[in-house]
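Thanks for coming, everyone. Let me put the structure up, and then we'll walk through a few places in it.

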Amino acid sequence: MKPLFFRVPSVDQRSFRIQKENGPSFYGQLHFHPEIQLTLIEKGEGTLVVGNRIDRFQPYDLLLLGSNLPHVLRSTPLAGNEQAVSTSILFMGEPFEQQLLAFPEMVHLKQLLSEARHGVRLQVSAEDTLVREFEQLPELRPFQQFLFLVRMLDQLAGNQQREILSRMAYERPSRPDDHQRLERIFSYILQHYAAPIGLEEVANVANLTPGAFCRFFRQHTRKTFSHLLNEVRIEHACRLLRESRESISEIAFQCGYTNLSNFNRRFKEITGMPPREYVRTYRM
């Protein structure tokens, strides 16, 4: 699952774009783009991948995804002629931060845009007025659309219920070769996390020696490979523990752990609680 560079269509010099998706499914390839993306899911559900987070998306998820953050909304097939529907605003972060955030009244948005590098989600209700406003967004004048964007960022920044999605912030390297290496590494992890992955194996994916791979990976993610792999596995385990009725040992095995004690130790290390407590607290 290699992240694809996605170029947002541009027809003029506007600082943002409105994008409406309405079809059997959303764009199903792991991808990234330089624009920051603010999206409301209006209809549809499925698997959400943001950075190293594997979770579910559902109607009325409001997502803020930072520049070059790999992501995909992999839709669950819909019944009959139902459509997956979303409305997005895509805007360039650098001019926004350099110009608008220079105003004292906008300083409170800096933290939110920093969190966007990890992905942010807020679940809103169907009755929330912003749902109707998102639906009408494509019909508004550009100036009104821009004011709406600023207002939505202000509301997100002030809402303590917002959730940080990925433990990993992704920064696009300046060298294209380094960027392609990171793409291959992340794609390989997301595709093979349930199987044993050795250091030499993933180093080969990056076309590096194990020693060079460790230095490269830590430089660009500020984490060791084993720690990030455990985070991805535990994120997937959390979803299964919430949504399935399988035993903890079965789920541990599905997520790449052959030793239950090791799974329990890593789970508590990353989530702050043992798997059994997590099940009691969060299982649906």
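Which side chain does arginine 121 meet in a polar contact? The partner is aspartate 55, and the contact joining the two side chains is 3.3 Å. Bear in mind that this is a predicted model.

Let's stay with arginine 121. You'll find arginine 121 in strand 10, residues 120-123. Is arginine 121 buried or exposed? Buried, because its relative accessibility is 10%, and the cut-off for buried is under 20%. Now its contacts, leaving out residues up to four places away in sequence. Arginine 121 touches several other charged residues, among them Arg53, Asp55, Arg56 and Asp61. Leucines are on the list too, including Leu48, Leu62 and Leu63. Further along the chain, Gln161, Arg162, Glu163 and Leu165 also touch arginine 121.

One of those contacts deserves its own stop: leucine 62. Leucine 62 is in strand 7, residues 61-65. It counts as buried, because its relative accessibility is 2%. Again setting aside neighbours within four places, what does leucine 62 touch? Its contacts include Leu38, Thr39 and Leu40. From strand 10, Arg121 is one of its contacts. Phe134 and Leu156 are also among them. For a sense of distance, take methionine 106. That residue is 44 residues from leucine 62 along the chain, and their C-alpha atoms are 21 Å apart.

Next, open space. The second largest pocket holds about 340 Å³. Which residues sit closest to its centre? They are Asp55, Arg56, Gln58, Asp61 and Arg121, out of 15 lining residues. So we are back at both partners of our opening contact, because arginine 121 and aspartate 55 are the pair joined at 3.3 Å. Three elements give two or more residues to this lining: strand 6, strand 10 and helix 8. The largest share comes from strand 6, with four residues.

Now enclosed space. How many cavities of 30 Å³ or more are there? One. The largest cavity holds about 40 Å³. Gly51, Asn52 and Met168 help line it. So do Phe186, Ile189, Leu190, Leu228 and Val232. Helix 5, residues 176-192, and helix 8 each supply at least two lining residues. Helix 5 gives the most, with three.

On to the cysteines. How many disulfides does the count give? Zero. Look at cysteine 238: the closest cysteine sulfur is in cysteine 255, 8.9 Å away, and that is too far for a bond. A disulfide needs the two sulfurs within 2.5 Å. Cysteine 238 is buried, with a relative accessible area of 6%. Cysteine 255 counts as buried too, at 0% relative accessibility.

Last stop, helix 11, residues 275-282. Which residues are buried there? Pro275, Tyr278 and Val279. They lie on the same side of helix 11, because they cover an arc of only 100° around the axis. On the other side, Arg276 and Arg280 are exposed. What covers the buried residues of helix 11? The cover includes helix 8 (225-243), helix 9 (248-254) and helix 10 (260-271).

That's the tour. Questions, please.

Methods: Residues numbered from 1 in each chain as written. Predicted model: local features only at pLDDT ≥ 70, side-chain atom pairs only at ≥ 80, totals over all residues. Heavy atoms only, no water. Buried < 20%, exposed > 50% of the residue type's maximum accessible area, 1.4 Å probe, protein only. Arc of directions from axis to C-beta. Contact = heavy atoms within 4.5 Å. Polar contact = N/O pair within 3.5 Å; in protein donor to acceptor, adjacent residues only side chain to side chain. 1 Å grid on protein atoms, 1.4 Å probe; cavity = no way out; pocket = protein on both sides within 12 Å on 5 of 7 lines; lining within 4 Å. Points joined across faces, edges and corners; volume = space filled by probe spheres on them.
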